[in-house]
Amino acid sequence: MPNSIGMPNTTAPAIRAAAGRYYHRFGPIERVMHVFLMLTFIGCAITGVPLLFADHAWAGVLVKFMGGFRGAALIHRICAAVMIVVFVGHVLRVFVKSFMAEDWLSVFWGPNSLVPNLKDGQDLVAMFKWFLGMGPRPQFDRYTYWEKFDYWAVFWGMFIIGGSGLMLWFPDFFSLLLPGWVFNIAMIVHGEEALLAVGFIFTIHFFNGHLRPEKFPMDLVIFTGRLPEHELKEERPIEYARLVREGRLAALEADPPRAETLMFGRVLGSIGLILGLLTIVIIIYSALF
């Protein structure tokens, strides 16, 4: 999601020097939204996947822990409703931010934008060259091409999964507007697209965000909202240079993450990783056998 910056710095210089400098990357609203999105996505996945593999023994066992299929359906719908609220809130924040900005185009097409641009394609090509030892590692700005890919994979998936899910949730209302055969398509689309989303989030996104060698076993920045100075310099040198050039770096300086915040991130992130990876193992097993 797009991040708020420009948060005030209140850290004493002596403490910063001892702990190492940190800089704000995600604001409180973005972090809270990500937590709710993460929890509701996992909730929808755990309650929805058993329906796709209802003929397997593990599906019945898992559903029993959720109070049967009615209980699983209730949890699924609660998670879906919260996820929709988070998504709509995010979209509204983006448009309000653009409306209040002096240059609204920069919100959608600037260095802080998640909209893909030509440089992202060039970075992708350069990254493959780097993998093969044919060139240097590309330098990144605030968002990398894989972060933008993660974002848009979820964004457009919300319309497909959310739209088809609402049709199945409120068939009486939508039957007044749409022919009956559309609901058959909605059922197929909802299940298959959801399975694709689960596979993507619990593999590609997990790897990009947490399991890459430089981030293993977990990147906590989405929970703490703060990035160490060395990571900003090494991983996002273009952003770092721009902030220095514009004189905005000092305004982003932050306190080191508190121990409670780090523990919260590790616990919640670990639960998410374990549940996600177990879900992928179950899906692969069920597909093969």
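## Overall fold

Among contacts in the chain (heavy atoms within 4.5 Å) between residues at least 6 apart in sequence, 73% join residues at least 24 apart. The model is a predicted one: local features need pLDDT of at least 70, side-chain atom pairs count only at pLDDT 80 or more, and totals for chains, interfaces and linings use all residues. Residues are numbered from 1 along each chain as its sequence is written, and side-chain values use heavy atoms, with hydrogens and water left out.

The chain has 13 helices and three strands. These are DSSP runs, numbered from the N terminus: helices are H or I with at least four residues, strands are E with at least two. The C-alpha atoms fill a box of roughly 60 × 45 × 40 Å along the principal axes.

## Burial and surface

Of the 289 residues, 42% count as buried. Buried means under 20% relative accessible area, exposed over 50%, and partly exposed in between (1.4 Å probe, protein chains only). The chain exposes about 16,500 Å², by the Shrake-Rupley method with a 1.4 Å probe. Carbon and sulfur atoms supply 73% of that area.

## The nonpolar cores

A nonpolar core is a set of buried Ala, Val, Leu, Ile, Met, Phe, Trp, Tyr and Cys residues joined through side-chain atoms within 4.5 Å. The largest has 43 residues. F41, V198, I201, F202, F223, L232 and L249 touch the most other members. Helices α2, α3, α4, α7, α9 (181–211), α10 (221–224), α12 (237–246) and α13 each supply at least two residues. The most come from α2, which gives seven.

Another core lies apart from this one. This second core has five residues, among them M167, V182, F183 and A186. Back in the largest core, I201 is in contact with F41, V154 and F206, leaving aside neighbours within four places in sequence.

## Helix α3

Helix α3 covers residues 57–64, and its buried residues are W58, A59 and V63. Seen down the helix axis, they fall within an arc of 130 degrees, so they line one face of α3. The arc is that of the directions from the helix axis to the C-beta atoms.

These buried residues pack against α2 (28–52), α4 (68–100) and α13 (259–288). The face turned away from the buried side carries exposed A57 and K64.

## Helix α7

Helix α7 (residues 145–169) has 25 residues. From first C-alpha to last it reaches 35 Å, close to the 36 Å expected at 1.5 Å a residue. The expected span is 1.5 Å times one less than the number of residues.

At G157, α7 bends by about 30 degrees. That bend is the angle between axes fitted to the seven residues ending there and the seven starting there.
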